[in-house]
Amino acid sequence: MSVAVVNSFTITEFVNDKAKFDGFVNEWFARIDENGDGKLSRDKIRGRLGMLLPFGSESPPQQENEEIFKRFDEDGNGALDLNEFKALMTEIMNAAARSIGGSPVIVVLGKDSLLMKAVQHELATPSSHS
């Protein structure tokens with residue numbers, strides 16, 4: 001766990017850096033897709049999504065997990081493919097950015113969470129807003 005100061009800019013800049021964001025999403029998709037079938041089932045998502053959530057939340061309850069699939073399983077096959085998973089991760093990060101807003105917020109982050117990757121991205125990127 002680490003402590004960081006973030007605001008919406010931290011998150012949106014990471015999501016907008018397509019190469020970095022997609023690279024992280026691809027890495028986590030492969031990590032969750034342990035059997036390599038290119039599909040994330042409800043069970044795979046339920047067991048691992050909490051580690052990715054911006055604030056290191058627990059995995060979503062079954063009802064919320066079902067809502068995730070209703071919204072992001074575009075082809076209705078009962079699993080998320082890589083593109084559907086990217087859409088989910090983008091939505092999660094954009095929701096986090098909206099909830100934080102422009103004011104700095106101090107947060108405790110898991111080392112592999114999406115928000116921690118956004119903080120690392122901001123620290124590694126030359127400042128364009130100073």
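Here are a few exercises on helix H2 and the salt bridges in this predicted model.

**Exercise 1. Check the length of helix H2.**
Work out how far apart the end C-alpha atoms of H2 should be, and compare that with the model.

*Solution.*
- Start with the extent: H2 runs over residues 18-32, which makes 15 residues.
- Use 1.5 Å a residue, multiplied by one less than the number of residues.
- That gives an expected span of 21 Å.
- Now look at the model: the end C-alpha atoms are 21 Å apart, so the two values agree.

**Exercise 2. Find the two sides of H2.**
Which residues of H2 are buried, and where do they sit around the axis?

*Solution.*
- Pick out the residues under 20% relative accessible area. For H2 you get Phe21, Asp22, Phe24, Val25, Trp28, Phe29 and Ile32.
- Next, see how they spread around the axis: they cover an arc of only 160 degrees, so they lie on the same side of H2.
- Then turn to the other side of the helix, where Ala19 and Lys20 are exposed.

**Exercise 3. Follow Asp22 to its partner.**
Aspartate 22 is in a salt bridge; which side chain does it meet, and which parts does the pair tie together?

*Solution.*
- The partner is lysine 86, at 4.0 Å from N to O.
- Place the two: aspartate 22 belongs to helix H2 and lysine 86 to helix H5 (residues 82-100), so the bridge ties together parts 64 residues apart in sequence.
- Check the surroundings too: lysine 86 and aspartate 22 are both buried.
- Don't stop at the pair, though. Lys18 joins Asp22 and Lys86 in a network of salt bridges.

**Exercise 4. Compare two other salt bridges.**
Take the pair aspartate 37 and lysine 44, then the pair lysine 70 and glutamate 67, and say whether each residue is buried, partly exposed or exposed.

*Solution.*
- For aspartate 37 and lysine 44, the closest N and O atoms are 3.1 Å apart.
- Aspartate 37 has a relative accessible area of 40%, so call it partly exposed. Lysine 44 comes in at 16%, so that one counts as buried.
- For lysine 70 and glutamate 67, the N to O distance is 3.5 Å.
- These two are three residues apart in helix H4 (residues 62-72), which means about one helical turn separates them.
- Lysine 70 is exposed at 66%, while glutamate 67 is partly exposed at 41%.

**Exercise 5. Get the total.**
How many salt bridges are there in the count?

*Solution.*
- Accept a pair when a side-chain nitrogen of Lys or Arg is within 4 Å of a carboxyl oxygen of Asp or Glu.
- The count then comes to nine salt bridges.

Technical notes: Residues numbered from 1 in each chain as written. Predicted model: local features only at pLDDT ≥ 70, side-chain atom pairs only at ≥ 80, totals over all residues. Heavy atoms only, no water. Helix = DSSP H or I, 4+ residues; strand = E, 2+ residues; numbered from the N terminus. Buried < 20%, exposed > 50% of the residue type's maximum accessible area, 1.4 Å probe, protein only. Arc of directions from axis to C-beta.
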